[in-house]
Amino acid sequence: MGRVLKDGPKIGEVAVAAGVSRATVSRVMNGQDTVAPDIADRVREAAAQLNYRPSTLARSLSLGRSSTVAVVVPDLRNPMFHQVLRGVMDASEAQGYRTLVAETADRTADEATLAQEARTRCDALILVNPRMPQQTLDELLPQLRPVVLVNRTSSHADIPSLVIDHAQGIHRLVEHLTSLGHRHLAYLGGPDGSLSDIPRREALETSLTRHPDLRIDQLPGGATIDAGFEAAEQVLASEATAVVAFNDLTAFGLLARLNESGVRVPDGLSVTGFDDIELARYANPALTTVNVPHAELGRRAWQLLAEAIAAASGSTAPGPTRGTAPETFTPELTVRTSTGPVPPARELTAPSTDLSGTAHRPARGSAGDDDGARWSRRGAGWQLRLGELVLAHSMGGERMPTVHSPRPHLHPVRSLRGRLLTDRSPDDHRHHYGVSMTIPDVDGTTYWGGRTFDADHGPMLLPNHGHQHVEHMETLHGGATLHQQIRWSDQDQRLQLQESREITGTGMAETEAWAMRWSSLLRAERPLTIASPAVRGRPGAGYGGFFWRLASGAEVEVMNSEGVQDVHGTPARWVSVAVRHNDQWASLVLAQQSEDPSPWFVRASDYIGLGPALAWDVPLTLAAGQVHPVELLAVVVDRRVGAGEVDRLLELGEGRVRAARSA
C-alpha cells in the first residue's frame, strides 16, 4: 500500500498555537496592518515554528489579486527580450511579484487573444514590441489595464509607454562609419511588418542628406542569425564597404557567412549590429553596435506598472495624467573590432586593377616628383597618403580587448600597388596587430597580448595585460611625420614607460617603393626589467619590441644582410621578406638604425612576423629615467627584391626620409 502524504499545517493550527482566530492569522499573513504588533509577532512566531506557508491561491482569492504580472513578447529566440524580462523580474520580485512570460512566436494575429488570456491570470500586463496594427492596439489596451507598453505608443493618455530612439541609434552608427571613410553602406533591414524598422530607414534617408556623397543600399534582411547568414551574398554583390544590420543576431549570421567565404572583417568589410546583446562582445570579431539598455527598460516598465497597479487598487491617489509623450531611451555607440577604416583600395577610382583586385596608379614623374607622403586625420585615426594612395593607417588601441594588451598600431599598410603588407588579429594569433611596439614582459606585465610564458606551467592566460594609451598626437615636418606621446600602464594602471614615437613616410617612386622611418624612445618611469619568454626559459622565443605582422601569402622568401639561411636569432643589420600573392610579389625590408644590431625574431612558416628583439636571451634593465631607443627603417617594394639591391634601397630610403624630416 502506498504511503499517504500528509498535508502541511493548516491555518487553524497556527490560530490555536498563537491563541487567536483564523481571521487574525489571515490578516497577518496577508500583510494587513489592522492587527496589534504584539499579536502579529505572536502569529508569525507560531507560523515559523509550524513551518506554515499560506496558500497562494487562497491568498489571491482573499485579496482579489495574484501578485503576478504578465510580460508578452514576440520572440524568445532573441536575447534582447531576455534582457527586458530580467529587468522586469528583478524589479518585480523585490516587491513580492512573480512574472508570467507569454510568447506570441511572431504570430501577429494571435497577439490580442494571448494578451487578453494572460491578463485574466495576472494583476497587470507589460506588452513588449507588439506587432499588431495601431487601431487594434488602441482598441485592446483599455481591456488590459493596468498595462505598460514597451517600444510602442498608443492614443491613451493614461497608459504609460517606453520607446527606443531607433533613429538616433542609426545616426550614431552611420556617423561612426563615415568617420572611418566609408561612403558606400548596405543596410540589412528588419522582417516584414517590423515597426521599429520604419524609423531606422527614415534615419538612413536623413543621413543621405547630411552626407551628399554617401550611398546606402537597402537590402532585405530579417531579425535572425539565419537571415544574416543568407543575406551575405547580396551584401558582397552590393560592393558596399560597411554593413548596418537590423540587429545583432542578423550581424552574427552575416559574420559567420563572411568567415566561411574568406572575407576578413573589418579589413575587407566592416559590420555593425543594433542592440548590444550580451553575446555581441564575444563575437569574432567583437561586434560594433549600439547599446540599448534593455534591462533598464524592463526595470522602468515595472516601476510604471507598479504605480498603475497601486492606483487601480486605490492604495494611492490617482496622479496627474501623464500625457501621450512616451519615455525615450537613446542607444549609445559601442565600438569594437568589427569596424575599421575603409579599405584603401576601395577609396581609389583608377581604371585599372592588379591581380589582387586593388587599384593601381603608376608612379608619376621623376625621382622627387611623387615623394611627398603626408599624414592626415581620418576619423578616429590617421592616414599616411602619397597623393591619392593610402599607404598606412594609424589606429589607437581603444577597441582592442584587454586580453590583447591594447596599443596603437599601423594597419593596413600597403605597397604602392595596394598589396597588403600587414595583418590584424589573425586566427593564429588574435593579439597580433599590424605594426606596433609590443613587449611580452615588463616587470611581469605583458604588452604583447595573449598568454604569458611560465617556466613551470608553460603558456598561461594571466590577468597581467598592460595598456598603451596615446596621450598626444600631432604631425611634424610639414605632415611627413606622425608624432605620438604614449603612456604604458600596467594592469593596475600604474605608469611603467613613457614613449615618444615618430613615424615618417616618403615615396621612392622610381624604385616602385616607399619608405618609413620608425623611431621610439622608451623612458622608464621607475627601475624596471624588460624580458622575453626566452629569458624565462623558452628557447628561441626572444620576441618583444618593434614587431611587424605580415599578411600570409602563397610563398615566402626571407634573407638578411649576413647571407645566412636561417635568419632567426641573427644580429643582422637588415632582414628582407618577400611574399607572393597569386603571381604578384611584394617585399618588406626592415633595417635597424643601431651600430650594434639586436638579434632578429623571425617567423615565416606558421605565420609571417619579424622584429629586432629587445631581450633576446638576457633581460634589458632600465634605471629610472633611462631612455632606450628603438629605430628602424622599413622599405615596402612592389616586387621580389634581390640581395644585391637591398643596400641601394636602404640608402635611397634613408636619404628620402632625411629630406622629408628637414622640410
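**Note on a pocket and two helix contacts**

1. The largest pocket of this predicted model holds about 880 Å³ of space, a pocket being an open set of points on a 1 Å grid where a 1.4 Å probe fits, with protein on both sides within 12 Å along at least five of seven lines. Its lining comprises 36 residues, of which Asn284, Pro285, Ala286, Thr337 and Arg430 are the closest to the centre, and lining residues have an atom within 4 Å of a point. By type, the lining divides into 16 nonpolar, 10 polar and 10 charged residues, with Gly counted as polar.

2. Residues are numbered from 1 along each chain. Local features need pLDDT of at least 70 and side-chain atom pairs count only at pLDDT 80 or more, while totals for linings use all residues, and side-chain values use heavy atoms, without hydrogens or water.

3. Helix 5 (residues 79-93) and helix 13 (residues 294-313) have axes that come within 7 Å and cross at roughly 40°, and the two are therefore oblique to each other, the term for angles of 35 to 65 or 115 to 145 degrees. Met80, Gln83, Val84, Gly87, Val88, Ala91 and Ser92 of helix 5 meet His294, Ala295, Gly298, Arg299 and Trp302 of helix 13, where contact means heavy atoms within 4.5 Å. This set divides into 6 nonpolar, 5 polar and 1 charged.

4. Helix 6 (residues 111-120) packs against helix 7 (residues 134-144) at an angle of about 10°, with the axes 10 Å apart, which makes helix 6 roughly parallel to helix 7 (under 35 degrees). Ala112, Ala115, Gln116 and Arg119 of helix 6 form the contact with Leu140, Gln143 and Leu144 of helix 7.

Notes. Axes fitted to C-alpha atoms, helices over the stretch in contact; angles between N-to-C directions. Helix = DSSP H or I, 4+ residues; strand = E, 2+ residues; numbered from the N terminus. Points joined across faces, edges and corners; volume = space filled by probe spheres on them.
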